[in-house]
Amino acid sequence: MSKRWSVVLAGALLSMSVAACGTPGEPGAPADQGTPGAGDAASGAPVKVGLVYSKSGPLATYGEQYRQGFAAGLDYATKGTGAVNGHKIEVTEQDDAGDPAKAVASATDLIGQGHKIIAGSTSSGVALQVAPLAADNKILFVSGPAAVDAVTGANKYTFRSGRQTFQDVATAGSMLGDVTGKKVTVLAQDSAFGKANIAAVTAVLGGKGATVDSVEVPAAATDVTPFATKIKGSSPDLLFVAWAGTNAAAMWSTLEQQGVFESTKVVTGLDIKPTHAIFGKASTQINFLSHFFDGAADNAAYKALDEGMKEQGATVDLFTNDGFVAAQMIAHAIEASDSDVDAMVSALEGWKFEGPKGQLEIRAEDHALLQPMFTATLKQDGSNVMPALGETLDPAAVAPPVTPFK
């Protein structure tokens, strides 16, 4: 069953006060500061927005972060009114549980009810199934945390509010500088997730001149020692680790025990806060790529996200940015029109604005979201493990190649 919430100032979900707002006319500032009348009291027909995301299932934690960020972003973009140009925004939540079939059914149902805007997609598999619906029905689709590259360039009605895999891998490569002639090994599980990462590293860093190989480990393996020994013996310049599962702590411990960190630079993606403690003794020896974390940036949008999360009894984390940015994009689209989807699309194409992580641009040619990326390390803070910002990479340095619409 769906859950509908109307984002008005008195609503329980969005009763937060925004402490910091952008300068009038500044890209990414709350809507009524940049566009006259955008924050007027609701008087016209409401605009229906469907939020199809992983409320349950294996990615439920990511989905909840996205939903919380979306709430904070919508409050910020409308300056607490819950309305754009006099049109109240009504959001209907649907749980896809990470199942593409459920997501398609939910999106189809919402479209049938008159929703011309769909947001969400925690899962890449979900995003790839919902995107064609956007083109077929000429509705605006703003995907969320789903990182698969194929969302970019999917069709003219599909956008994304998060990063894509190319940007992750390019960030990892930046830690080597010029990768030409360098040896890169991918340590991954023998699974769809692992193979996708091997393919991405091969395409991105191999395409820039690196020699890429891989060490694949059975997903259920309990002893990673032979694989760690093999990596230590080959001494790659960069070890890219793509790992998911309950045996992650044992894997990191084995790499540390076998001395892999002494001979190579080890890189992996920084996940959500609860995972920061799983690395054990290796935590301070790993180099992390990240698209967002608590403390990664400091601007008006970030401060609004931080305040909005606190009002919800939560904190800034990996995917709160994706929800916040999706809300900014949707509010901007509605400024152009409350009903003409082609006008919404035109307004978003080429739009430059400030999100919580910095200056963003929606590339008109394929709707890639050009954005800064980050490197980080983990530091011990008493009994806690906290991320520390390394480098902030310019959007152009990690921009994916243009992917023409299909």
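Biologist: Is Asp190 buried, partly exposed or exposed?

Modeller: This is a predicted model, and in it Asp190 is partly exposed, because its relative accessible area is 43%. Its side chain meets that of Lys195 in a salt bridge of 3.1 Å, N to O. Lys195 is also partly exposed, at 42% relative accessibility.

Biologist: How should I read a salt bridge inside a helix, and which residues of α2 could I look at?

Modeller: Start with the general idea: side chains of opposite charge can pair when their charged atoms come close. An α-helix has 3.6 residues a turn, so residues three or four places apart point the same way. Now the case here: Arg67 and Glu64 are three residues apart in helix α2 (residues 60-77), which means about one helical turn separates them. Their side chains form a salt bridge of 2.9 Å, N to O. Arg67 counts as buried at 10% relative accessibility, whereas Glu64 is partly exposed at 29%.

Biologist: Which residues of α6 are buried?

Modeller: Gly194, Asn197, Ile198, Ala200, Val201 and Val204. They lie on the same side of α6, because they cover an arc of only 165° around the axis. These buried residues pack against α5 (165-174), β8 (183-189), β9 (211-217) and β10 (238-242). On the other side of α6, Ala192 and Ala203 are exposed.

Biologist: What about Lys357, which is buried yet has no salt bridge: how far away is the nearest side chain of opposite charge?

Modeller: That side chain is Asp322, 6.7 Å away. Lys357 sits in the loop between β13 (352-355) and β14 (358-362), and its side chain makes a polar contact of 2.8 Å with that of Gln371.

Terms used. Residues are numbered from 1 along each chain as its sequence is written. This is a predicted model: local features need pLDDT of at least 70, side-chain atom pairs count only at pLDDT 80 or more; totals for chains, interfaces and linings use all residues. Side-chain values use heavy atoms; hydrogens and water are left out. Helices (H or I, at least four residues) and strands (E, at least two) are DSSP runs, numbered from the N terminus. Buried means under 20% relative accessible area, exposed over 50%, partly exposed in between (1.4 Å probe, protein chains only). Lys and Arg count as positive and Asp and Glu as negative; His and the chain ends are not counted. A salt bridge is a side-chain nitrogen of Lys or Arg within 4 Å of a carboxyl oxygen of Asp or Glu. A polar contact is a pair of N or O atoms within 3.5 Å; within protein, one must be able to donate a hydrogen and the other to accept it, and residues adjacent in sequence count only if both atoms are side-chain atoms. The arc is that of the directions from the helix axis to the C-beta atoms. Contact means heavy atoms within 4.5 Å.
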